[in-house]
Amino acid sequence: MSLTSYVLRRLFYVIPVILGVCFLIFIIFSVVSPDPTISMLGKHATKAQVLELREALGLNKPLYIQYFDIVKSAFTFDFGRSWSTKQEIFEMIKQGAIPSMTITFPAFFLSVLLSVSISLFVAFYRGTFLDKGVVFVCVALMSISSLVYILVGQWFFAFKLGLFEISGYEEGFPDVVPYVLLPIIIIIILSVGPDVRFYRTVMLDEIYQDYVRTARSKGLSERKIMFKHVLKNAMVSIITYVVLRIPFLILGSLLIESFFGIPGLGGMTLKAVNSSDFPVIKAMAVLSGIATILFNVITDVLYVVVDPRVKLN
Amino acid sequence: MAEKILEVKDLVVEFRTDRGTITAVNGVNFEVFKGQTLGIVGESGSGKSVTALSIMRLIPNPPGRVAGGEILYRGQNVLDIPLDEMRSIRGNKIAMIFQEPMTSLNPVFTVGNQIEEVLELHQKELSKQQRTEKAIEMLKLVGIPSPEKRVHEYPHQLSGGMRQRVMIAMSLACEPDILIADEPTTALDVTIQAQILELMKKLQTEMGMGIIMITHDLGVVAETCDDVAVMYCGQIVEQSDVKTLFGHPRHPYTKGLIESIPSFDSTTGGAKGRLPTIEGMVPSLFDLPSGCNFQNRCAHVTEKCRGPHGEPKLEPVSKGQMVRCFHPLS
Ligand SMILES: Nc1ncnc2c1ncn2[C@@H]1O[C@H](COP(=O)(O)OP(=O)(O)OP(=O)(O)O)[C@@H](O)[C@H]1O
Ligand SMILES: [Mg+2]
C-alpha cells in the first residue's frame with residue numbers, strides 16, 4: 001500500500017470518530033447541562049420569558065436536529081452566532097486565532113528545539129555533574145507556579161525594567177513584538193522543564209541499546225552516534241509528544257492570554273464560559289476535537305515515515 | 001610461525017556494583033596470530049564478553065574499568081592511545097560481531113546504510129556509488145540472496161541468521177586484521193549455526209584475519225579453532241592448541257566440559273545414557289573461595305585446593321599447554 005492511499009484511508013476512518021466526538025458534545029450541551037437561559041435571565045425571570053428565550057436560541061428544537069446541527073458545523077465550520085455578541089462565530093475564531101498563534105507557535109517551535117537540544121546534550125554527558133545539574137534546574141522550574149513567572153515577568157521585567165509591554169496587544173509585525181515576547185518566553189520556561197525530562201529519558205533509553213554499542217564498535221564518534229543513531233530512534237517518541245500538543249496551541253493558552261490581555265481564542269473561550277455562551281463553547285469543543293483527531297492521523301503518518309517497522313495497514 | 005597481531009597481557013577488568021567491586025576478568029593472557037583462530041570458552045559469566053569488549057575499549061565506564069594489563073595490537077598498547085586513534089582502529093583493524101543478532105543492528109536504517117557507514121568512516125576514498133556497490137558485494141560474500149534488493153531492506157525484514165550475516169558483512173567490510181566474534185551463533189538455530197561458522201572459516205582463508213571465537217560450546221571450538229583458552233571465573237584455567245585440549249585435557253573443568261558435549265562418547269561418570277554435566281554451581285564473583293575457584297565442583301579436590309597455599313597459577317604442563325591446577329590430570 002502506498003503512503004497516499006494509507007493517508008486517504010486514515011482520513012476516511014476519521015469520519016466516524018468525528019461523529020462520535022459530536023455526539024459527546026451533544027450529550028454534554030443538549031442533554032445533561034442545566035438550562036442556560038436561567039443563568040442568562042437571572043432568577044426573577046418569568047416562565048414566559050424563559051420559554052421565549054429558549055425558542056429564540058433554538059433550544060426547543062427536537063434533539064436529533066440539535067445533534068445534526070453540531071455534526072453539520074463540524075464539516076461546514078458554520079457555528080452560527082454568539083449568544084452574547086451576536087457575531088458570526090467563525091469570524092470570531094478567525095480573529096482570535098491570529099493573536100493566539102502569534103504566541104503559541106513561536107513558543108512551541110523554540111521550546112521543542114531548545115528542549116531536544118538540551119536533552120541530547122545532557123544524554124551525551126549522562127551521569128555527570130552537568131546532567132544532574134540540568135535535571136535539578138528542570139525540576140526547580142517545574143515546581144514554581146506559572147503565576148510566579150507571570151507576575152515576576154510583568155512586575156520586574158515589564159514594569160520595572162520596561163523591557164516589554166505589561167499587557168495588551170497590537171496588530172502588525174513590529175508593533176506586536178513587545179506584547180508577545182514576554183508571554184512567549186514564559187511559555188518556553190514553563191514547557192522546558194517537563195520536556196527536557198521527558199526527552200532525556202527517551203534518549204537514555206536509546207543510549208543503552210545494543211545498536212549503539214555496534215555503532216561504537218564501527219568507530220563512529222559519540223556525536224555522530226547521538227545525532228544519527230540515537231536521535232532517529234528517539235524521534236518516534238518525540239513525535240507523539242510534540243504533534244499531539246499542536247491542537248492545544250491553536251486553542252491558545254487560557255491563563256497566559258487572560259493575564260496578558262491578548263484577544264485570542266483562550267480569552268474568548270473563557271469569556272464564553274463565563275456568560276454561558278453555548279454556541280461559542282460548542283464551536284471550540286468541536287474544533288479542538290477535530291484538531292486532535294487530525295493531528296493523531298498526522299502522528300501516525302509520521303511514524304510510517306520515521307520508523308520502518310510500522311506497517312501500512 | 002604466523003605473525004602475531006594481538007597480545008593480551010595480564011588483563012584485569014573490574015565492575016563497581018551496588019554490592020561491591022567484582023573482578024570480571026582477572027589476569028588474562030593470550031595471543032592472536034594472523035590467519036588463525038583463538039577460541040575462548042567458558043560458562044556464562046566467566047568473563048568472555050568482558051574480555052572481548054576490553055579489546056575494543058567498549059567496557060561501559062562506569063561501572064566497568066580496565067584495572068590493569070596491556071592489550072598490544074601490533075605492538076602498540078591500545079589501552080593507552082587517544083580515543084580518536086582507537087576509533088580509527090575500531091571497525092577498521094579490529095571488528096566485532098555481537099552475541100545478540102536481533103538487536104545489534106539499528107532498526108531505523110537500512111542494512112545497506114549501516115554497512116556503508118563503516119566504509120564512509122574508514123575508506124574515505126570511496127564515492128557514495130562505490131560504497132553502495134561494496135555493500136552489495138559484502139552481502140553477496142556472506143551469502144545473502146538477491147543482495148541488490150536486500151541492501152535497501154531494514155533489519156526487521158530479515159531473519160536472525162540473515163541479520164548475523166549482515167553483522168559479519170559489516171565487520172568484514174574494511175577487511176580487519178582481527179575479528180572478534182562473541183558467540184556469533186548462540187542465538188541461531190543449529191543449521192544456520194553451521195552455515196555461519198562455515199562462512200567465517202571461508203572468509204578467514206580469503207582475507208587472512210585472526211579470529212577470536214568466543215563461545216560456550218566446545219563443539220564450535222573443535223570445528224573452528226586453532227588454539228583455545230578455557231575461562232572460569234574471569235581467569236584462564238587451561239590453554240593449549242585445540243588438538244591437545246581435546247586429546248589430553250589436564251584441568252578437571254576442561255575435562256568436564258568436553259564430557260558434556262552431547263555427541264561426545266563419554267566413558268566416565270553419570271548413569272548410563274545420561275548426559276554428564278559438571279555438578280555444582282559457579283561461585284559468585286562477589287564471594288570467591290580462597291584457593292582454587294573450581295574446588296566446590298571438582299572430583300579431585302584436596303586440602304591444598306582449599307586455600308592454604310593461595311590460588312593455583314597458570315603453569316606449563318607440556319609444550320604449549322598451560323593449566324591452572326594443583327593436581328593436573330595425567
Ligand atoms: N555492565 C556490567 N555491570 C556489572 N557487571 C557486569 C557488567 N558486564 C559484565 N558484568 C559482569 O562480568 C562478569 C562476566 O560477564 P561476561 O558478560 O563477560 O560473561 P560471558 O562469559 O560473556 O557470559 P555469557 O556466556 O553469558 O555471554 C559477569 O559476572 C557479569 O555480571
Ligand atoms: Mg557474553
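At what angle do the axes of helix 13 and helix 14 of chain A cross? In this predicted model, the answer is roughly 135 degrees, with the two axes coming within 8 Å of each other. Helix 13 covers residues 265-274 of chain A, and helix 14 covers residues 278-306. An angle over 145 degrees would be needed to call a pair roughly antiparallel, so helix 13 of chain A ends up oblique to helix 14 of chain A. As for handedness, helix 13 of chain A passes helix 14 of chain A in a left-handed crossing. On the helix 13 side, the residues that meet helix 14 of chain A are Leu265(A), Met268(A), Thr269(A), Ala272(A) and Val273(A). Their partners in helix 14 of chain A are Val280(A), Ile281(A) and Met284(A). Sorted by class, this contact between helix 13 and helix 14 of chain A holds seven nonpolar residues, one polar residue and no charged ones.

Helix 14 of chain A also has helix 1 of chain A to deal with. Helix 1 spans residues 3-32 of chain A, and its axis comes within 10 Å of that of helix 14 of chain A. The crossing angle here is roughly 155 degrees. Because angles over 145 degrees count as roughly antiparallel, helix 1 of chain A and helix 14 of chain A get that description. Helix 1 of chain A passes helix 14 of chain A in a right-handed crossing. The contact of helix 1 with helix 14 of chain A is made up of 21 nonpolar, one polar and three charged residues. It takes two quantities to describe packed helices like these: the angle between the axes and the distance between them.

Now for chain A as a whole. What does chain A contain in the way of helices and strands? The count is 14 helices and zero strands, so to speak an α followed by another α all the way along the sequence. Its C-alpha atoms fill a box of roughly 85 × 60 × 35 Å along the principal axes. Chain A has 313 residues, and 42% of them count as buried. Among contacts in chain A with a separation of 6 or more, 73% come from residues 24 or more positions apart.Over in chain B, there is a metal to look at. Which residues are the protein donors of the magnesium ion (ligand 2)? They are Ser49(B), through OG, and Gln99(B), through OE1, and these donors lie 1.9 to 2.6 Å from the ion. Ser49(B) belongs to helix 1 of chain B (residues 48-56), while Gln99(B) sits in the loop between strand 6 (94-97) and helix 3 (111-122) of chain B, so the pair ties together parts that are 50 residues apart in sequence. Ser49(B) is partly exposed, at 23% relative accessibility. Gln99(B) is partly exposed too, with a relative accessible area of 26%.

The backbone of chain B has some oddities. Most peptide bonds are trans, and most residues other than glycine have a negative phi. Against that background, the bond joining Asn61(B) and Pro62(B) is cis, with omega at about -10 degrees. The peptide bond from Pro62(B) to Pro63(B) is cis as well, with omega near 10 degrees. Where does Pro62(B) lie? Pro62(B) is found in the loop between helix 1 and strand 4 (64-73) of chain B, and Pro63(B) lies in the loop between helix 1 and strand 4 of chain B.

Arg57(B) is another resident of the loop between helix 1 and strand 4 of chain B. Its phi is near 55 degrees, which is positive even though Arg57(B) is not a glycine. Arg57(B) counts as partly exposed, with 24% relative accessibility. Cys233(B) also has a positive phi, near 50 degrees, without being a glycine. This cysteine, Cys233(B), is found in the loop between strand 9 (227-232) and strand 10 (235-241) of chain B. Is Cys233(B) buried or exposed? Cys233(B) counts as buried, at 4% relative accessibility.

Finally, there is Asp241(B), which lies in strand 10 of chain B. Asp241(B) is partly exposed, with a relative accessible area of 28%. Leaving aside residues up to four places away in sequence, Asp241(B) touches Asp226(B), Asp227(B) and Gly320(B). Asp241(B) and Gly320(B) are 79 residues apart in sequence, yet 7.1 Å apart in space, C-alpha to C-alpha.

Methods: Residues are numbered from 1 along each chain as its sequence is written. Chains are lettered from A and ligands numbered from 1 in the order in which they are written. This is a predicted model: local features need pLDDT of at least 70, side-chain atom pairs count only at pLDDT 80 or more; totals for chains, interfaces and linings use all residues. Side-chain values use heavy atoms; hydrogens and water are left out. Axes are lines fitted to C-alpha atoms, for helices over the stretch in contact, and angles run from 0 to 180 degrees between N-to-C directions. Helices (H or I, at least four residues) and strands (E, at least two) are DSSP runs, numbered from the N terminus. Angles under 35 degrees count as roughly parallel, over 145 as roughly antiparallel, 65 to 115 as roughly perpendicular and the rest as oblique. A crossing is left-handed if the near helix is turned anticlockwise from the far one by less than a right angle, and right-handed if clockwise. Contact means heavy atoms within 4.5 Å. Ala, Val, Leu, Ile, Met, Phe, Trp, Tyr, Cys and Pro count as nonpolar, Asp, Glu, Lys and Arg as charged, and the others, Gly among them, as polar. Donors are N, O and S atoms within 2.8 Å of the metal (3.2 Å for Na, K and Ca); water is not among the atoms, so sites may look incomplete. Buried means under 20% relative accessible area, exposed over 50%, partly exposed in between (1.4 Å probe, protein chains only).
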